Amino acid sequence: DGCITMNEFAAATREMGLELSQDKIESIFSEVDTEASGEMDLDQFIKALDLVKSQVGQQVLHKLGLTPGTLAATFVSSLAVLLLLFTFIFMGITAFSSAGAFNAIVNSSMPMAASGSLGSSSEEKDDEK
């Protein structure tokens with residue numbers, strides 16, 4: 001007839017791998033069965049699944065020790081770090097691409113650093129012989 005009872009709904013949630021208590025199943029069923037007919041149709045079943053999804057999500061967050069506030073704070077702080085990182089990168093690109101004193105110092109020190117590292121590796125080879 002296109003409708004399911006509370007027992008069938010409980011069996012369906014178990015088949016989906018959801019371990020809901022009988023109280024939880026009854027509260028969800030009574031919340032979506034607005035006509036108090038003891039059965040739910042397809043639209044009510046979809047609403048019940050949405051309720052189950054939100055409650056399971058809240059339980060998982062609670063078990064992980066997360067709250068919406070901590071998630072929001074983590075998101076905002078991560079966004080701030082990313083913005084600072086991009087600012088640092090773009091300021092570095094600007095500093096290296098402009099013809100200024102900083103660029104001249106970096107360009108003159110890079111060959112010295114490269115030759116210094118090459119010299120140290122050849123000294124290590126001489127020490128091994």
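Helix H3 (42–64) buries Gln44, Ala48, Val52 and Gln55. Buried means under 20% relative accessible area, exposed means over 50%, and partly exposed lies in between (1.4 Å probe, protein chains only). The buried residues of H3 pack against H1, H2 and strand S2 (39–40). Helices (H or I, at least four residues) and strands (E, at least two) are DSSP runs, numbered from the N terminus.

This is a predicted model, in which local features need pLDDT of at least 70, side-chain atom pairs count only at pLDDT 80 or more, and totals for chains, interfaces and linings use all residues. Residues are numbered from 1 along each chain as its sequence is written, and side-chain values use heavy atoms, with hydrogens and water left out.

**Helix H3 from end to end**

How far apart are the end C-alpha atoms of H3? They are 33 Å apart, which agrees with the 33 Å expected for 23 residues at 1.5 Å a residue. The expected span is 1.5 Å times one less than the number of residues. At the N-terminal end, Asp41 caps H3. A side-chain oxygen of Asp41 lies 3.4 Å from the backbone nitrogen of Asp43. Just after H3, Gly65 takes a positive phi of about 80°.

**Ala48 and the core**

Ala48 sits in helix H3. Ala48 counts as buried because its relative accessible area is 0%. Leaving aside neighbours within four places in sequence, Ala48 is in contact with Phe9, Ile28, Val32 and Met40. Contact means heavy atoms within 4.5 Å. Ala48 and Val32 are 16 residues apart in sequence, yet 6.2 Å apart in space, C-alpha to C-alpha.

Ala48 also belongs to the largest nonpolar core, which has ten residues in all. Its members are Phe9, Ala10, Leu20, Ile25, Ile28, Phe29, Val32, Met40, Ala48 and Val52. A nonpolar core is a set of buried Ala, Val, Leu, Ile, Met, Phe, Trp, Tyr and Cys residues joined through side-chain atoms within 4.5 Å. The table lists the elements that give two or more residues to this core.

| Element | Residues |
|---|---|
| Helix H1 | 6–15 |
| Helix H2 | 22–32 |
| Helix H3 | 42–64 |

Which element gives the most? H2 does, with four residues. Ile25, a core member, touches Met6, Phe9, Ala10, Thr13 and Leu20, not counting residues up to four places away in sequence.

**Aromatic rings**

Rings of Phe, Tyr and Trp (its six-membered ring) pair if their centres lie within 6.5 Å; planes under 30 degrees apart count as stacked, over 60 as edge-to-face and the rest as tilted. The count comes to three aromatic pairs. Phe9 and Phe45 form an edge-to-face pair, 6.1 Å centre to centre with 90° between the planes. This pair links distant parts of the chain: Phe9 in helix H1 and Phe45 in helix H3, 36 residues apart. Phe9, Phe29 and Phe45 form one aromatic cluster. Phe9 is buried, with a relative accessible area of 0%.

**The whole chain**

The protein has five helices and two strands. Along the sequence, the pattern reads β-α-α-β-α-α-α. Buried residues make up 12% of the 129 residues. Of the contacts with a separation of 6 or more, 47% join residues 24 or more positions apart.

**Confidence**

The predictor's confidence in each residue is its pLDDT, from 0 to 100. The mean pLDDT of the protein is 81, and 88% of its residues reach 70 or more. Among the elements, helix H4 (residues 68–97) has the highest mean pLDDT, 89, and helix H5 (residues 101–128) the lowest, 67. Where pLDDT is low, the predicted coordinates should not be read in detail.

Notes: A polar contact is a pair of N or O atoms within 3.5 Å; within protein, one must be able to donate a hydrogen and the other to accept it, and residues adjacent in sequence count only if both atoms are side-chain atoms.
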